[in-house]
Amino acid sequence: MTTDQGADRPDERPDDRPDAAHRRPPGVSDATVEAVGKVSEALEATERARGHLYSFHQLTGRSDLLLGEAVELLRAAGHAAEADLLETEVLGRNVLPGHWTFQIVEGYDDHYYRTFTEAEKRVRDRLVGGLRHLYEAEMKEARRTHGHPAHTARPDTTPPDTTPDA
């Protein structure tokens with residue numbers, strides 16, 4: 001990757017270059033862009049893990065509600081002992097000692113997730129002027145076919161006229 005890719009292309013249209021929010025600040029090295037990109041990639045993996053944690057939270061809660069319905073159905077069908085067993089041993093039980101899933105989610109958010117997101121932002125602010133996805137933006141610029149209507153630099157780029165000649 002090189003600084004401000006596309007700047008030296010003679011056929012480059014000014015409206016078909018990355019916007020300022022996705023152009024490398026002057027003096028920032030390839031190694032810095034790569035390192036900050038790796039920090040952001042690690043945060044993205046954490047975002048996915050957090051999503052799975054919320055899925056775990058919601059699925060476990062749904063399971064507990066379904067089990068509550070099953071206990072009622074067992075009782076109505078004359079199986080009080082089995083209903084009592086499930087109600088006493090499982091329904092409303094902590095998933096970890098002292099924790100329901102909402103407490104696990106809150107602990108993760110407060111202890112790990114928030115700290116990571118704040119630290120990642122501080123690294124971006126210090127090293128690349130706060131720009132997000134700079135590594136990916138440069139990858140896009142290097143890989144796209146310049147001038148092709150489906151390979152524009154930005155959402156607001158006007159694709160070149162592709163109407164066939166009559």
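**Exercise 1. Place Ala49 in the fold and classify its exposure.**

Step 1. Ala49 lies in helix H1. Helices here are DSSP runs of H or I with at least four residues, strands are E runs of at least two, and both are numbered from the N terminus.

Step 2. The relative accessible area of Ala49 is 38%, so this residue is partly exposed. The scale: buried is under 20% relative accessible area, exposed is over 50%, partly exposed is in between (1.4 Å probe, protein chains only).

Step 3. Tyr113 is 64 residues from Ala49 in sequence, and their C-alpha atoms are 9.9 Å apart.

The model is predicted: local features need pLDDT of at least 70, side-chain atom pairs need 80 or more, and totals for chains, interfaces and linings use all residues. Numbering starts from 1 along each chain as its sequence is written, and side-chain values use heavy atoms, without hydrogens or water.

**Exercise 2. Describe how H1 and H3 pack.**

Step 1. Take the axes. H1 (residues 30-76) and H3 (residues 101-128) come within 10 Å and cross at roughly 165 degrees. Axes are lines fitted to C-alpha atoms over the stretch in contact, and angles run from 0 to 180 degrees between N-to-C directions.

Step 2. Name the orientation. The pair is therefore roughly antiparallel. The classes are roughly parallel under 35 degrees, roughly antiparallel over 145, roughly perpendicular from 65 to 115, and oblique for the rest.

Step 3. Give the hand. The crossing of H1 and H3 is left-handed: the near helix is turned anticlockwise from the far one by less than a right angle.

Step 4. Sort the contact by class. It has 18 nonpolar, seven polar and five charged residues. Nonpolar covers Ala, Val, Leu, Ile, Met, Phe, Trp, Tyr, Cys and Pro; charged covers Asp, Glu, Lys and Arg; the others, Gly among them, are polar.

**Exercise 3. Compile the surroundings of Arg23 and Thr152.**

Step 1. Arg23 sits in the segment before H1. Its relative accessibility is 28%, so Arg23 is partly exposed.

Step 2. The side chain of Arg23 reaches the backbone oxygen of Pro18 at 2.4 Å. The C-alpha of Ala137, 114 residues away along the chain, is 7.6 Å from that of Arg23.

Step 3. Thr152 follows helix H4 (134-143), in the segment after it. With 16% relative accessible area, Thr152 is buried. Its side chain reaches the backbone oxygen of Arg154 at 3.4 Å.

**Exercise 4. Summarize the chain.**

Step 1. The chain has four helices and zero strands.

Step 2. Of its 166 residues, 24% count as buried.

Notes: Polar contact = N/O pair within 3.5 Å; in protein donor to acceptor, adjacent residues only side chain to side chain.
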